[in-house]
Amino acid sequence: MIKIGLEIHCQLTNLESKLLCTCKADYRGFGTNENICPVCMGLPGSLPRLNREAVKNAMMIAMALNCTVPEKIAFFRKNYFYPDLPKNFQITQLNIYGPTSVGGPGYVMLGKKKIGLLRIQLEEDPGRIIYEGTSKNMVTLVDYNRAGTPLVEIVTEPDFESPRQIREFVNILSDLFENLGVADPSLEGAMRADANISIHGGKRVEIKNIGSFHDLEKAAHFEITRQESLHSRDMEIAQETRHWDDQRKITTSSRSKEEALDYRYFLEGDIPWVRVEQDLMDELRSEMPESISSKRGRYVSELGVPDQVADVLSSDKFYSDLFEKSQTGSNAKEIANLITTDLMGLVDTREKRTASKVTATHLRDLADSILAGRISRSSAKDALYEMVKSGKDLDQVVSEMDLGNVSDESEIEKVVLAVVAKEPLAVEQAREDPKALNYLVGKVMKITRGKADPQITMSLVKKAINV
Amino acid sequence: MNLRISALEYAEGVQNGSISAEDFVAGTLEHIAKVDEKIHAFLSVYDGAVDRARDIDKKIRSGEKVGACCGMPISVKDNICIRGEKTTCASKMLEDYVSPYDATVISRLRDEDAVFVGKVNMDEFAMGLTTEFSAFGPSYNPWDTSLTPGGSSGGSAASVSAFECVASLGSDTGGSVRNPASFCSVVGYKPTYGLVSRYGLISYANSIEQIGPLARTVKDTAFLLDVIAGPDPHDNTTVKGGGRYLPGIESGIEGKKIGIVSEMTGEGTDPAVASATSDAISRLEGLGATCETVSLDMVKYSVAAYYTITATEAGSNLARYDNLRYGYDLGVEGYEFNSYVEKARSRFGPEVIRRMILGGFVPSAGHAGRYFLKALKIKSKLAREVGGAFEKFDLLLSPTVPMLPFEIGAKIDDPVSLFLVDINTVTANLTGRPAISVPFAVSGKRPIGMQLMADSMCDAELLQAAFALEQTVRLPEVPL
Amino acid sequence: MVTEDEIRHVSGLMRIKIDDYKEYIDKVNAMIAYFDILDSAGVESEEVSFHEMSVSDLRKDSHIPFDGSLIDQLKHYKGAYVRAPKMSR
């Protein structure tokens, strides 16, 4: 029996500024210690200035995860000394004086499995420690650019029973963050996690420092295997904190002497309690993007998109936004197909997505042309490739690449007659079994590189072999 | 050059051409050079202040508009940040620290053409009420240099009293502006919590402290408050709704109801202070106010609650001084993190260390319920009691300090007897109310101040009452 | 009463090295003994209250960099990093 609880840390990378000062929230791309100010460096006399959007983003995440949002939000100080913590305390949230963290209990459904959420809190990220040199001459350096980046922490109940459930859960979270537009989970270090793992009702081991969702599943897998191996040999599993070594992909015991931790939590007096007025809740509800499950349902029932296609399409904000913008009802199914079978293969990385020049208009024109028989599906795929690359419009692409369907009967007939002459065996078969007609039509399509109008071709083939 | 004038007299003189800002500031600096050896109010003096003042004179001669402060020389407690200048908190820990930014109060005074003449002494990190805990030696009371000037803003009060500036900024966590104002016979003001921005004030106990002016007159105090008060986007705890303080200050107190707090005037009050208090009551009644005794039961517990809360907040606020990002010269080579930080922090003085130990103890996992949480509850109940009193009264009166200024060294070794010096002042901090100390009498060479307190955001009414009381007294000049 | 061990523990927690713990015991004990008065205030049922503000009064989310290079005005190592002592990992 496996029990796993998670603490997920998610940076609100889409914000402009840090949680408590006006330095940039997304510190990536700055030179060392260039994204700092007196506030995030904790200089004497500086005071925190809470970011309104960060509070609203965190509340939106809480609401999307079915959590209760309290009437008042309070911040606390977690006191401990560490070089990456400029004030030697972290401003975070707790529920000492009643529920005051941004999200109360909630849940996420993995199919029929329910994962309970204890709370959601908004806090500041610490700076980054860099170790330079050999272990003998190790120099500890600190870059504070990250210090103060808004971080949402999601604390789950120990409800996970397998690494696979963890994967499903973090996939749902990633999609949700992206759908809400609060974070970009693909950025390095934007999603981090700690895990508590125990097996067979044994001692709990805490794994810290897991730097990505990808590694989280691996770390859980490694740790379960390690504990199972100890258990099978009747060896004791120590209650301890282990670190995830992302180079070697293993967990290691943190040897540092465990100081009896006493964080002396108390209220951050520099930030008054924030009243969550009803107006704000209403505003957030109306601003909240449609949830993924609601989108999926709508695509199936209102737009006739097949279940599996709707599943793929709704879970990714980039594609679902494109879909919503381009579809006009009758072409929805065709656009959904274009996106899921062709476009997703063309822009399968973050870089390609950013570089892509394809627009909703492109997709709409392409789908409408397919439906009107002006372009074949295989030509459409070539056209899409060109649109992603150059952003040229459909007419231009079709004429430059000569992709339009050939509907001139005499031209098609020439090809049909040639194929019939070359394939006597297939002609025989087609006369007995109409299904074999498709083979001949396919040959014509191949020679015309898919441009022959399929309906015209079929009727011409039938005519040529007298069926 | 007559330096013995009020801030408003100075501003008027500069504007009408009878006073040159340059001469006045130069005269002030000369005076500091002469008397500060005895007083030790200053930790740093800005000789460049004369250049600032010369610019003001130039502006006036060329008919340009100048700010309301007209180059008046102001001293600043050394826990308020001035860009490019040392801000030490009177601690060896920050001996070399230069602030890269201005506190909001400093920017606002600068915008009104105030001139800063230097940073003034205090108890280390504002922990104390005699200035004896300064790492750079105590300040001395200009009335009698064997006496303490009070604290923690002792340098501020002494510098105003000794004419080393026309006004000063201090900070008041539990009486740190009012206590030295009372001991040095100047006016000291603690605004409603949130009225003045704390951005750039180095925190001691951030949930209850405020920056406040110290000046020669109540009008000067109101004038300075007009400059520094008001909401600040850099400080989430500042509040909207303040008004103007100097206009209407002569409104008088006829018909006002004044409560005399029995817990602040009874047992333990020095007879000279008690008789001054009775005198103050009869003068207020003479001005048309009615006075009546009121009891605030929680005052008995206020000092214990105050020290519990301040120690907890200080323990956390001072954690940042690990000497990594700023501080003094001490290489990290050869140290492990914790041992380095312990070594670096051994520069804190003994009183700071004592309070830090308290601050680690009272909110810790095993003791928080008994000490810290209870202190917060007392704070809440005291605020309710005071709120109740202000339903009946417009103002509350007590002596600022129940005892006369005492000798340097008299109480330094007895922390608990020092605690009791705070008994009349901490209530305003714990409840967020504004309070003022007005010079009222001098017993021998020992000044006595009267404290008036008003309800939150009633700062204008409080200053009107203080002005009325001030007008009833004529005090001897400081024997400098 | 606070023991020398407790003083030692708390000073460690606060990262303060004290040469002579005994010197601090009497004064700290006197202070803590004074705090015992808190027990007799009878405030157990009192609700704790705090300052409040509205979400709409919070800071707008915009990026305003610090005016000038802050790291130049702080302790730095190799031009840009802050150097910390060795960490026991």
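The exercises below work through chain contacts, strand pairing, a helix and the nonpolar cores of a predicted model.

**Exercise 1. Describe the side of chain B that touches chain C, by its elements and by the classes of its residues.**

Step 1. Begin with the residues that take part: chain B supplies 44 residues to the contact, and chain C supplies 39 residues.

Step 2. Next, assign the chain B residues to elements, where those giving two or more residues are helix H9 (299-317), helix H10 (337-345), helix H11 (350-361), helix H12 (372-392) and helix H13 (415-419) of chain B.

Step 3. Finally, sort this side of chain B by class, which yields 27 nonpolar, 8 polar and 9 charged residues.

**Exercise 2. Carry out the analysis for the side of chain B that touches chain A, and find which element gives the largest share.**

Step 1. Here 33 residues of chain B are in contact with 23 residues of chain A.

Step 2. Two or more residues are given to this side by each of H9 and H10 of chain B, and the largest share, 3 residues, belongs to H9(B).

Step 3. By class, the side of chain B that touches chain A consists of 17 nonpolar, 10 polar and 6 charged residues.

**Exercise 3. Work out which strands stand at the edges of the open sheet E4-E3-E14 of chain A.**

Step 1. The sheet has 3 strands in the order E4-E3-E14 (chain A), and the pairing is antiparallel.

Step 2. Strand E4 (89-92) and strand E14 (266-267) of chain A each have a single partner strand, so they stand at the edges, and one side of each has no neighbour in the sheet.

Step 3. Strand E3 (residues 76-79) of chain A is joined to E4(A) by 4 bridges, and within this pair Lys78(A) has Gln90(A) as its bridge partner.

**Exercise 4. Trace the pairing of strand E8 (residues 139-143) of chain A, both to E7(A) and to chain C.**

Step 1. Of the 5 residues of E8(A), 4 are buried, so this strand is largely enclosed by the rest of the structure.

Step 2. Strand E7 (residues 128-132) of chain A runs antiparallel to E8(A) and is joined to it by 5 bridges, with Ile130(A) opposite Leu141(A).

Step 3. The hairpin of E7(A) and E8(A) has 6 residues between the strands, and in this hairpin Gly133(A) adopts a positive phi near 90°.

Step 4. E8(A) is also joined by 3 antiparallel bridges to strand E2 (residues 82-84) of chain C, where Val82(C) is the bridge partner of Val142(A).

**Exercise 5. Locate the buried residues of helix H1 (residues 7-15) of chain B, and state what covers them.**

Step 1. The buried residues of H1(B) are Ala7(B), Tyr10(B), Ala11(B) and Val14(B). Because they cover an arc of only 95° around the axis, they lie on the same side of H1(B).

Step 2. Their cover includes helix H2 (21-39), helix H3 (49-61), strand E4 (167-172), strand E6 (210-215) and helix H7 (218-228) of chain B.

Step 3. After H1(B) comes Gly17(B), with a positive phi near 85°.

**Exercise 6. Identify the residues with the most contacts inside the largest nonpolar core, and name a separate core.**

Step 1. The largest nonpolar core has 273 residues, and Ile74(B) and Leu452(B) have the most contacts inside it; the element that gives the most to this core is H9(B), with 10 residues.

Step 2. Beyond its neighbours within four places in sequence, Leu452(B) is in contact with residues including Leu395(B), Ile436(B), Val438(B) and Leu462(B).

Step 3. A second, separate core has 25 residues, among them Ala310(A), Val358(A), Ala383(A) and Met387(A).

Technical notes. Residues numbered from 1 in each chain as written. Chains lettered and ligands numbered in written order. Predicted model: local features only at pLDDT ≥ 70, side-chain atom pairs only at ≥ 80, totals over all residues. Contact = placed C-beta atoms within 7 Å. Nonpolar A, V, L, I, M, F, W, Y, C, P; charged D, E, K, R; others polar. Pairing = 2+ DSSP bridges. Core = buried A, V, L, I, M, F, W, Y, C linked by C-beta atoms within 7 Å. Buried ≥ 20, exposed ≤ 12 C-beta atoms within 10 Å, placed from the backbone. Arc of directions from axis to C-beta.
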